[in-house]
Amino acid sequence: MSLRYAYNTNGAANHRLDDALRLMADSGYVGAAITLDHHHCDPFAPDWRGEAERIGRLLDDLGMGAIVETGARYLLDPRAKHEPTLISPEADGRDRRVAFLARACEIAAIWRADAVSFWAGVPRPGVGDAAVRGWLDEGLARVLDHAKAAGVVAAFEPEPGMLIETCGEWEALRARHPRLRLALDTGHCIVSGDIDPADAVRRYADHLGTVAIEDMARGVHVHLPFGEGDMDVPAILLALREVGYDRLVSVELSRESPRAHLAIPESIAWLRVREGGAERRA
């Protein structure tokens with residue numbers, strides 16, 4: 001069975017969401033990783049539910065599944081990228097992040113999405129480690145309760161530069177929060193260097209909530225078009241097939257929005273050729 005590909009809308013930020021979804025469907029994608037943002041299904045708009053339901057109908061019409069992504073840069077604070085987070089010192093800021101993630105769970109339920117993907121955030125300078133980790137545990141527990149109530153999968157993404165950067169750190173976090181699934185961005189593995197991406201697929205196969213793929217240079221956290229980095233993408237595709245991964249595999253090219261009309265079809269064409277090669281390699 002072929003892998004099922006999605007494309008992250010953070011790489012189509014200059015397109016209307018409807019146009020981006022149609023471009024993806026026309027290119028052969030069967031899903032979209034929709035990054036909730038002020039211009040893409042604003043989760044704080046007065047009629048957010050009506051808009052989410054309308055987009056859900058469009059996804060159905062296009063035969064597409066969804067993943068809900070929550071990494072918008074300035075959705076919660078126009079003056080501070082990615083803030084506030086689950087580990088911000090201000091309690092009202094942490095509450096706002098939890099409220100956003102709870103709303104993301106509601107939207108994921110409307111779309112019958114594979115998962116809601118989210119991360120910890122970057123620790124502020126001068127804040128003690130014990131306090132930060134305590135805030136993360138408290139926020140995670142609340143998010144997981146919201147996900148359970150909505151009937152959706154909450155998947156946590158280790159992100160280079162944030163409090164939880166590696167799959168190993170996610171594993172330790174999951175020991176305290178057993179319902180937490182892994183949002184595996186395979187490129188992040190060769191940035192952190194803690195585990196080979198294909199090995200991560202195999203090791204955490206039973207815990208994968210969602211998987212992202214792109215090219216990336218070893219040790220450099222920049223999402224690159226396929227063929228421009230050090231990723232052994234065919235090995236990752238082979239691993240996904242070996243473990244029988246049947247959820248969406250999303251392409252994340254957050255810097256390619258200016259050429260999304262080209263990057264969207266080029267990416268899936270590249271993947272299809274390599275997936276065929278991976279099959280023969282097996």
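1. Start with cysteine 41. At 4% relative accessibility, cysteine 41 counts as buried, because the cut-off for buried is under 20%. The residue sits in the loop between β2 and α2 (48–62). Its phi is near 55°, a positive value in a residue other than glycine. Most residues other than glycine have a negative phi. Keep in mind throughout that this is a predicted model.

2. Histidine 82 raises a similar point. Its phi is positive, about 65°, although histidine 82 is not a glycine. The residue lies in the loop between β3 and α3. Is histidine 82 buried or exposed? Histidine 82 is buried, with a relative accessible area of 18%. The cut-off is under 20%, so 18% falls within the buried class.

3. The loop between β3 (65–69) and α3 (91–111) also holds proline 84. The peptide bond that leads into proline 84 from glutamate 83 is cis, with omega near -15°. Most peptide bonds are trans. Check this bond by eye in the model.

4. Next, the largest pocket. About 760 Å³ of space lies in it. Which residues come closest to its centre? They are Gly71, Arg73, Lys81, His82 and Glu159, out of 38 lining residues. The histidine 82 of point 2, with its positive phi, is thus listed here as well. By class, the lining of the largest pocket divides into 9 nonpolar, 19 polar and 10 charged residues.

5. Aromatic contacts. The count comes to 5 aromatic pairs. One of them joins tyrosine 7 and tyrosine 29. The geometry is edge-to-face, with 5.7 Å centre to centre and 75° between the planes. This pair links distant parts of the chain, 22 residues apart. Tyrosine 7 is in strand β1 (residues 4–8), while tyrosine 29 is in the loop between α1 (17–27) and β2 (31–35). Both tyrosine 7 and tyrosine 29 are buried.

6. Tryptophan 170 and tyrosine 204 form another aromatic pair, also edge-to-face. Their centres are 5.5 Å apart and their planes stand at 85°. Tryptophan 170 belongs to helix α5 (residues 167–176), and tyrosine 204 to the loop between α7 (197–203) and β7 (208–213), so the pair ties together parts that are 34 residues apart in sequence. Tryptophan 170 and tyrosine 204 are both buried.

7. One charge-over-ring contact deserves a look. Arginine 96 lies over the face of phenylalanine 44. The distance to the ring centre is 5.5 Å.

8. Salt bridges. How many does the structure hold? The structure holds 19. One of them joins aspartate 137 and arginine 176, at 3.1 Å from N to O. Aspartate 137 lies in helix α4 (residues 129–150) and arginine 176 in helix α5, so this pair ties together parts that are 39 residues apart in sequence. Arginine 176 counts as partly exposed, at 45% relative accessibility.

9. Arginine 103 and glutamate 106 form a salt bridge within one helix. The closest N and O atoms are 3.4 Å apart. Both residues lie in helix α3, 3 residues apart, about one turn of the helix. An α-helix has 3.6 residues a turn, so residues three or four places apart point the same way. Glutamate 106 counts as partly exposed, at 30% relative accessibility.

10. Helix α9 (residues 260–281) has a pair with this spacing too: glutamate 275 and arginine 272 are 3 residues apart, about one helical turn. They form a salt bridge, with the closest N and O atoms 3.3 Å apart. The accessibilities of the two partners are worth noting. Glutamate 275 is buried, with a relative accessible area of 3%, whereas arginine 272 counts as partly exposed at 35%.

11. Salt bridges also form a network. Asp18, Glu51 and Arg54 are linked in this way.

12. Last, helix α8 (residues 233–242). Why is α8 described as largely enclosed by the rest of the structure? Because 7 of its 10 residues are buried. These are Val233, Ala235, Ile236, Leu237, Leu238, Ala239 and Leu240. Glycine 244 follows α8, and its phi is positive, near 70°. Unlike cysteine 41, whose positive phi occurs in a residue other than glycine, this residue is a glycine.

Methods. Residues are numbered from 1 along each chain as its sequence is written. This is a predicted model: local features need pLDDT of at least 70, side-chain atom pairs count only at pLDDT 80 or more; totals for chains, interfaces and linings use all residues. Side-chain values use heavy atoms; hydrogens and water are left out. Rings of Phe, Tyr and Trp (its six-membered ring) pair if their centres lie within 6.5 Å; planes under 30 degrees apart count as stacked, over 60 as edge-to-face and the rest as tilted. Helices (H or I, at least four residues) and strands (E, at least two) are DSSP runs, numbered from the N terminus. Buried means under 20% relative accessible area, exposed over 50%, partly exposed in between (1.4 Å probe, protein chains only). A charge sits over a ring if NZ of Lys or CZ of Arg is within 6 Å of the ring centre and within 35 degrees of the ring normal. On a 1 Å grid over the protein atoms alone, a cavity is a set of points where a 1.4 Å probe fits but cannot get out, and a pocket is an open set with protein on both sides within 12 Å along at least five of seven lines; lining residues have an atom within 4 Å of a point. Grid points are joined across faces, edges and corners, and a volume is the space filled by probe spheres set on the points. Ala, Val, Leu, Ile, Met, Phe, Trp, Tyr, Cys and Pro count as nonpolar, Asp, Glu, Lys and Arg as charged, and the others, Gly among them, as polar. A salt bridge is a side-chain nitrogen of Lys or Arg within 4 Å of a carboxyl oxygen of Asp or Glu.
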